[in-house]
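Could you show me around this structure in my viewer? I would like to know what to select at each stop and what I will find there.

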Amino acid sequence: MPAPTTILDLVARFGDHVEAYKTGSYNETQLRRDFLDPFFKALGWDMDNEQGYAEAYRDVVHEDQVKISGALKAPDYGFRIGGTRKFFVEAKRPSVRIKEDVSPAYQLRRYAWSAKLPLSILTDFEELAVYDCRIKPSQDDPASKARIFYCRFDEYAEKWDWIESIFSREAILKGSFDKFADTNKTKRGTAEVDADFLGTIEGWRADLAKNLALRNPGLTQRELNFAVQRILDRIVFLRICEDRGIEDYKRLHSISDRPGIYSHLVHLFQQADDRYNSGLFHFKPEKGRHEPPDSLTLRLNVDDLLLKQIIRGLYYPESPYEFRMLSADILGQVYEQFLGKVIRLTDSHRVVVEDKPEVRKAGGVYYTPTYIVTHIVQQTVRKLIEGKSPKHIAHLRVLDPACGSGSFLIGAYQFLLDWYQQWYSINDPQKWSKGKAPALMAAPGGGWHLTTTERKRILLAHIYGVDIDAQAVEVTKLSLLLKVLEGETAQSLQRELIHERVLPDLSENIKCGNSLVSSDFYAQSNIPELDLDARLRINAFDWDGPGGFPQIMRAGGFNAIIGNPPYVQLSMEDFREDTVNSYLKHRYTLSGGRLNTFAFFIEQARKLVSPEGKISFIVPNTLLTQEGYEELRKRLITSTSIESLIQSQGQIFAGAVVETVILVLGRHSQQKNVVQFGWISSNGSISRQSSTHQANLSKNYKAAFIVPGDVKTTKIKERMEASALRMGDMLNFNQAIALKHDRAACLDAAPKTSKHRMVLDGRHITRYAASDSPNYFKFDLSKIHSCKREDIFLLPEKIFMRRVGDRIIAAFDDRQRFALNTIVVVSPKPACDWSIKYVLGILNSKLVNFYYVSFLKSSKKAFSEIQARQVAQIPLPALSLQQTKDQGAHNRIVTLVEHMLKLQRQRISAQTPHEQTAIDRQITSTDAQIDREVYALYGMTNEEIEMLETAAENSKST
């Protein structure tokens with residue numbers, strides 16, 4: 001698309017007067033007004049908020065240009081979609097050399113890298129440079145480092161297509177910006193800010209822990225963990241406040257050259273206690289505060305050299321971080337990982353930093369992406385308050401019962417801040433800006449923003465959290481307190497809070513305790529004597545008791561319960577050996593054989609939610625179909641309103657293979673309620689939507705949360721299920737051999753005795769045929785963990801069915817081969833007089849696979865498991881070999897399967913592509929003939945067959 005006339009005119013005007021513009025008298029403000037504002041307006045951006053969007057949702061934020069005590073100013077423009085930043089533009093006056101000057105490039109890259117923005121622009125209109133801002137910036141980088149595009153003003157017309165295709169508002173809405181960023185991600189040097197900052201503070205934690213342990217030998221392990229986190233949290237908090245203009249810039253830095261640095265830090269901490277009223281700085285008893293003050297950290301000894309390194313590492317030029325741009329989301333991601341480790345003191349008082357036991361058991365720490373948090377908040381908090389006024393939501397209570405670093409509570413709090421600001425702004429804002437405690441204050445650039453007093457009130461009135469980990473509780477508080485201060489400066493706080501401390505005390509909102517274990521745990525007769533460490537690990541918490549939330553529980557409970565509860569699978573051994581797990585098993589009874597903590601949290605949430613409230617958790621999608629959760633699903637169907645079940649596309653947790661579903665529940669059961677199904681993508685959009693009445697879910701096998709198909713699909717299901725016979729009535733399904741030790745220790749490379757048999761695994765199974773394996777096994781019970789039956793393998797004929805895959809894949813075996821537990825062994829029951837080849841044809845047919853995938857199989861993609869118990873539920877025609885017609889149908893399928901097996905053997909031995917192609921065509925033809933016979937067995941109509949064939953083709957293409 002050619003450049004618009006506006007751009008051509010701007011280029012001509014700049015070219016005519018370029019020398020004048022490059023003089024020192026033509027400043028940056030003039031450049032922005034004369035050239036950059038119209039340039040980006042031509043790209044479709046609402047530069048002056050002519051649409052009148054609320055401040056939180058305007059397209060372009062013109063950042064504050066005032067330097068704060070020597071600190072770098074904010075980027076000149078922040079371009080946003082729906083309130084989410086997409087890229088920065090840093091403007092310079094035309095006398096700056098964009099192509100060569102190091103400082104402007106480093107400045108832009110620090111801001112964008114700290115804000116986790118992939119791309120951003122540096123320009124003086126004469127020149128325009130685009131940077132890949134995922135590459136960690138260094139003050140020694142040349143201006144060309146990480147630059148992916150450069151052009152001069154007289155090239156704008158020629159390059160306009162490229163600029164518009166990436167940075168126009170329409171291109172971002174259509175996903176072109178994100179696609180370009182993803183496909184052009186520079187691998188070398190890439191270090192996203194959260195991972196980098198995590199590495200930095202983890203290094204500080206280890207160094208500080210060692211130094212504290214050395215200089216303070218009386219510290220216990222628990223005291224050491226507390227002291228290290230509190231000191232680091234306080235330093236980071238004060239440094240962020242400096243970059244936001246709330247504290248004097250370089251106040252921390254100024255003490256780093258003085259002797260006795262920690263004593264000066266203590267003085268700053270005590271001043272912060274007087275100023276902020278936060279639990280982060282709480283050193284003396286105060287009336288009305290139930291949380292005990294910190295009497296430990298102020299008296300510690302810390303070496304100056306270490307503190308100097310930490311403090312200097314937070315400032316330009318040593319620091320690449322621009323703390324004003326480190327959002328609560330980014331800090332949450334950092335701290336979520338940070339909390340996964342604990343400091344341990346060895347017997348010799350040596351410091352070791354290691355994964356917490358619960359993190360090792362769960363396989364890591366996984367931060368919930370912002371788009372998932374946003375979706376859950378929208379489905380709960382937004383729906384509860386839409387159409388209401390502040391008066392009507394005065395008693396809204398939002399809870400995360402496993403809050404971790406606070407990501408869900410931050411998301412809920414931000415939503416409420418935006419909602420309140422918008423409501424006040426369109427409902428007589430002048431009224432809300434008056435009085436002793438006004439809710440609104442006029443913004444310097446026009447419009448309105450919430451006062452700090454109102455931000456505090458909203459936080460204390462609505463946001464609640466619990467976590468078993470004391471460190472997590474403190475991080476949640478820190479994140480929420482930083483969110484309170486977003487957008488504030490020292491001047492605005494001084495003007496507004498003359499007789500009031502800046503921050504709220506969150507000790508009554510965010511509490512440390514075990515959301516699943518109440519104090520009745522201690523009333524059990526079989527518990528042993530517990531020491532202090534054991535009691536702290538159990539951390540019993542009474543929701544309606546003095547240390548919980550008695551007033552909220554008496555009022556009916558929490559209105560919205562949200563979060564990402566821990567997914568910890570507990571084994572029966574856990575329950576035999578651990579009294580806490582035994583308590584959980586007996587208290588939470590709906591999880592059946594799948595004793596996972598996420599299911600316990602769903603049960604608990606039902607008890608904590610108010611009558612008209614909503615629950616939304618992101619949990620493993622095993623909830624949808626796994627048989628162990630049958631009782632939980634049934635209870636949810638009969639005693640809650642299931643509003644939606646939205647699955648995630650792909651892996652949402654980096655490094656984890658767990659697949660997830662977002663569950664949204666209402667408290668009261670509504671069998672006529674319509675359940676919404678769908679898939680959420682990384683941009684938050686919902687696709688592949690469908691729905692069904694809640695009552696229909698109870699009709700699924702094991703009450704699986706699978707959406708029934710349309711009318712035609714349901715008709716196929718009903719026609720197949722007209723027969724009461726199921727595969728499990730006629731066939732045995734046995735999981736194959738699970739070895740006690742690794743393969744190398746159990747398997748042989750050659751048959752050493754006549755009793756050695758070839759042993760296959762899932763890789764050797766294809767449709768109809770099983771290839772040979774290089775491994776052999778002599779049936780030895782001492783090497784077998786499960787499947788201790790040799791007879792099922794020594795049958796003259798059997799079926800091997802692969803356990804992992806998106807469809808049933810079954811192969812014939814008549815060589816008495818063994819199999820490992822990635823295979824299910826299928827064999828006839830005594831009552832079955834059918835040929836196993838007849839069964840093989842049915843298992844591999846399109847119709848049976850359609851039924852399995854549509855009505856039985858889970859939606860899991862990674863390590864998708866073909867569950868034998870589910871396959872056993874597939875309907876079978878009640879065919880009798882005593883009936884001529886049935887015998888004919890049986891024999892025709894057997895003959896076709898035998899022909900298929902012969903073709904498969906020929907395909908393996910074919911030597912030329914021509915031979916292979918000819919055999920492949922015969923295989924395809926034979927496959928189609930088997931499908932036609934199976935359609936006839938089940939009585940499918942021509943219309944239904946056409947639909948099934950189309951579905952099969954569509955599944956191939958996806």
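Here is a tour in short stops, each with something to select. Keep in mind that this is a predicted model.

**Stop 1: a sheet of six strands**

Begin with strands 1 to 6, which form an open sheet in the order 1-2-3-4-5-6, with mixed pairing. Color strand 1 (60-62) and strand 6 (147-152) to mark the edges; each has a single partner strand, so one side of each is left without a neighbour in the sheet. On average, and ignoring direction, neighbouring strands here are turned by 20° against each other.

Now pick out strand 4 (residues 119-123) and strand 5 (residues 127-132), an antiparallel pair with five bridges. If you show S120, look for Y131 as its bridge partner in strand 5. Next add helix 3 (residues 28-41), which packs on this sheet and touches strand 1, strand 2 (77-81), strand 3 (84-91), strand 4 and strand 5. The direction of helix 3 makes about 135° with that of strand 3.

**Stop 2: a tryptophan and its contacts**

Select W162, which you will find in helix 5 (residues 156-167). Is W162 buried or partly exposed? Its relative accessibility is 25%, so W162 counts as partly exposed. Leaving aside residues up to four places away in sequence, W162 touches V130, F149, F167 and F180. Try a distance label between the C-alpha atoms of W162 and F149: they are separated by 9.9 Å, and the two residues are 13 apart along the chain.

**Stop 3: a mostly covered helix**

Move on to helix 12 (residues 328-338). How many of its 11 residues are buried? Nine of them are, which leaves the helix mostly covered. The buried residues are A328, I330, L331, G332, Q333, V334, Y335, E336 and F338. To see what covers them, switch on the surrounding elements, including helix 4 (102-114), helix 8 (193-215), helix 9 (221-243) and strand 7 (341-345). Helix 15 and helix 18 also belong to that cover, and they are the next stop.

**Stop 4: two helices side by side**

Show helix 15 (residues 407-426) together with helix 18 (residues 470-485). Their axes come within 10 Å and cross at roughly 20°. That angle makes helix 15 roughly parallel to helix 18. The crossing of helix 15 past helix 18 is right-handed. For the contact itself, display the side chains of L409, I410, Y413, Q414 and L417 on helix 15, and those of T476, S479, L480, K483 and V484 on helix 18. Sorted by class, this contact between helix 15 and helix 18 has six nonpolar, three polar and one charged residues.

**Stop 5: two residues with positive phi**

Most residues other than glycine have a negative phi. Here are two to look at with that in mind. D428 has a phi near 55°, a positive value in a residue other than glycine. Look for D428 in the loop between helix 15 and helix 16 (429-432). At 45% relative accessibility, D428 counts as partly exposed.

Then jump to N539, in the loop between helix 20 (532-538) and helix 21 (550-554). Phi of N539 is also positive, near 55°. With a relative accessibility of 15%, N539 counts as buried.

**Stop 6: a strand covered on both faces**

Select strand 12 (residues 463-467), where five of five residues are buried. I463, G465 and D467 lie on one face, while Y464 and V466 lie on the other. Strand 9 (residues 398-400) pairs with strand 12 in the parallel sense over three bridges, and V398 stands opposite I463. Strand 13 (residues 510-512) also runs parallel to strand 12, joined by three bridges. There, D467 stands opposite C512.

**Stop 7: toward higher residue numbers**

Finish with strand 26 (residues 810-813), which has both faces covered: A810 and F812 are buried on one side, A811 and D813 on the other. Its antiparallel pairing with strand 25 (residues 798-802) runs over four bridges, and I799 has F812 as its bridge partner.

As a last selection, show the open sheet of three strands in the order 23-22-27, again with mixed pairing. Strand 23 (776-778) and strand 27 (818-819) are its edges, each pairing on one side only. Strand 22 (residues 756-760) runs antiparallel to strand 23, with three bridges joining them, and H756 stands opposite K778.

Technical notes: Residues are numbered from 1 along each chain as its sequence is written. This is a predicted model: local features need pLDDT of at least 70, side-chain atom pairs count only at pLDDT 80 or more; totals for chains, interfaces and linings use all residues. Side-chain values use heavy atoms; hydrogens and water are left out. Axes are lines fitted to C-alpha atoms, for helices over the stretch in contact, and angles run from 0 to 180 degrees between N-to-C directions. Angles under 35 degrees count as roughly parallel, over 145 as roughly antiparallel, 65 to 115 as roughly perpendicular and the rest as oblique. A crossing is left-handed if the near helix is turned anticlockwise from the far one by less than a right angle, and right-handed if clockwise. Contact means heavy atoms within 4.5 Å. Ala, Val, Leu, Ile, Met, Phe, Trp, Tyr, Cys and Pro count as nonpolar, Asp, Glu, Lys and Arg as charged, and the others, Gly among them, as polar. Two strands pair if DSSP finds at least two bridges between them. Buried means under 20% relative accessible area, exposed over 50%, partly exposed in between (1.4 Å probe, protein chains only).
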